[in-house]
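Hi,

Here is the structure I promised to pass on to you. Have a look at it first, and my notes on the sheets follow below.

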Amino acid sequence: MELVMGALPSLIPKLANLAAGEYGLQKEVKGGIIFLQAELESMLGALEKISKTPADKLDDQDKIWARKVREMSYDIEDTIDTYMVRCKGGRKPAEQHGFKEAIDRTLKWFRQPMIRRKIAKEIREIKSHVEEVAMRRDRYQINTDVAKPVTVDPRLLFAQYEVKELVGIDEAREEVIRILMEGNKEVSKQRGKIVSIVGFGGLGKTTLADVVYKKIRARFDCSAFVSVSQTPDLKKLYKQLLYDLGKSINEETLDERRLIELLREFLQDKRYFVVVDDIWDISVWNMIRCALPDNDVGYTIITTTRIADVAEQAGSAYKLKPLSSNNSRKLFFRRIFGNENKDNNEEIEKCPDGELAEVSDRILKKCAGVPLAIITMASLLACKVRNKLEWYEVYNSVGTGMENNMDVENMRKILSFSYYELPCHLRTCLLYLSMFPEDFEIDKDRLIRMWIAEGFIQWEKEGKSPFEIGEFYFNELINRSMIQPIYNFYTGMVESCRIHDMMLDLIRSFSSEENFVTILSDIDSTSPSSTIRRLSLQNGKKSHVMAQATRNLLQHARFR
């Protein structure tokens, strides 16, 4: 599932506070609260495991159970918050006097037993509901050994497009080669060089590493190109390195320690070139680095990653930039129109069809120079009628999950790799950004305060305020290339951020599926549920938008 935590992270501490606080709970109610706390803690542990699995790999029963638990947690939180406010939040300060205040206090005193009886009844109903959800899952649990279909890494599919349609990569390739070769002109004075290519998912980091690899590998005694991925098998990776480097091994039972020794012995007197693609964790890189020795004859290593900290610790970071506006157009129109309307083999840099120029500009703006997004949108439009309304329909539907297309689905999977790698608390904070419109500059301090108000700041660190922890969350999302920092011109400090349009489309889709945020606009509504939890009104100029917003709002929506 995408979110699956619901209100559990903030609800469990509230239950503990309610059980321990001075709320005059009946014995039965207090026992029910303690039961719910223990049960929901177990559910949270199970949901955290489920949350690490991409939605397309989850069992349908797990999806249904997770959705039920999430919705149930919101309902429980509403009940608990209402009770806490009525029993405690409405009390007047002791120093207030007067006839009206005395009457109010007397009425509240008489209401307390009624409120406690009501909460006792609701806790019994909640307890029964929790037990039923747990029993239903056990009741319909089916164990099956049917093998799941083999899935292909979608990045391999897009790599084929990129190899045939490379645009604007020559400059980046030559820049990386220049960095690698600096100071290495005299063979006798060779030294090791490590460059780490870092950037947003879909920018073409692997493609750039590949073209550099193919361009200069002949200059070295041996070379290898290996991919790490999010769940690496280091033993298999070491064997692949040995194979690519030209070292044959006869024994299949070698352990990791022995494989590292073989690699170090083989490379000690060789000038080698290795590309280590798609690193997600610095500890994994450190293990790979153990097998790649420093030597006196020189070596070159390229790594690729989406995470800035990993790039900086691995080597000299090279931040890959998006395609320029001209190169974006070339790639986009080449994919759609091919060789049409080209004279003297010149590239198409503007839309050959004047009617489609405006919508083309909007689509390219959404893609923001990310080759993966440009190729996906162009491939989708190449199959459509060249009509402005058709193209606008594609433009408006890509982020909603309405466009049933394999290229779009594969792009979503590639972008979602970064999302599923986030800890649960950061996923929740990222999904909250779906509240904001496209291209909106989100003030950092305001965003952190909104996270705190929502109860998303869960870490407890000694000597750290919730705001400081929120700043850590914010910086970690920047570090993982999930949001784009905006710097103050005078101070050079990060004061706000934006989220890439394609990433915004992805998290809006996730948010809608999980009923995390409902977005109402003049164009559409993104929530499939009749229950609104959080509401974002965007471009709401028409009265029907406000009419929609009132649907179930008083019972369920949270106002911040």
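A word on terms before the details: two strands count as paired if DSSP finds at least two bridges between them. Please keep in mind that this is a predicted model.

Let me begin with the five-stranded sheet. This open sheet has the strand order β2-β3-β4-β1-β5, and the pairing is parallel. Its edges are formed by β2 (222-227) and β5 (316-319), each of which pairs on one side only. Ignoring direction, neighbouring strands here are turned by 15° against each other on average.

At the β5 edge, the partner is β1 (residues 193-198), and four bridges link the two strands in the parallel sense. If you want a spot to zoom in on, Ile197 stands opposite Tyr318 in β5.

A helix also belongs in this picture. Helix α10 (residues 282-290) lies across three strands, namely β1, β3 (272-279) and β4 (299-305). Relative to β4, α10 runs at about 160°.

Now for the other sheet. Three strands make up this open sheet in the order β6-β8-β7, with antiparallel pairing. Here β6 (442-443) and β7 (484-487) are the edge strands, and each pairs on one side only. Strand β8 (residues 494-498) runs antiparallel to β6, and two bridges join them. Within this sheet, Asp443 stands opposite Ser496 in β8.

As a general reminder, strands of a sheet pair through backbone hydrogen bonds, either parallel or antiparallel.

Happy to talk it through whenever suits you.

Best wishes

Methods
Residues numbered from 1 in each chain as written. Predicted model: local features only at pLDDT ≥ 70, side-chain atom pairs only at ≥ 80, totals over all residues. Heavy atoms only, no water. Axes fitted to C-alpha atoms, helices over the stretch in contact; angles between N-to-C directions. Contact = heavy atoms within 4.5 Å.
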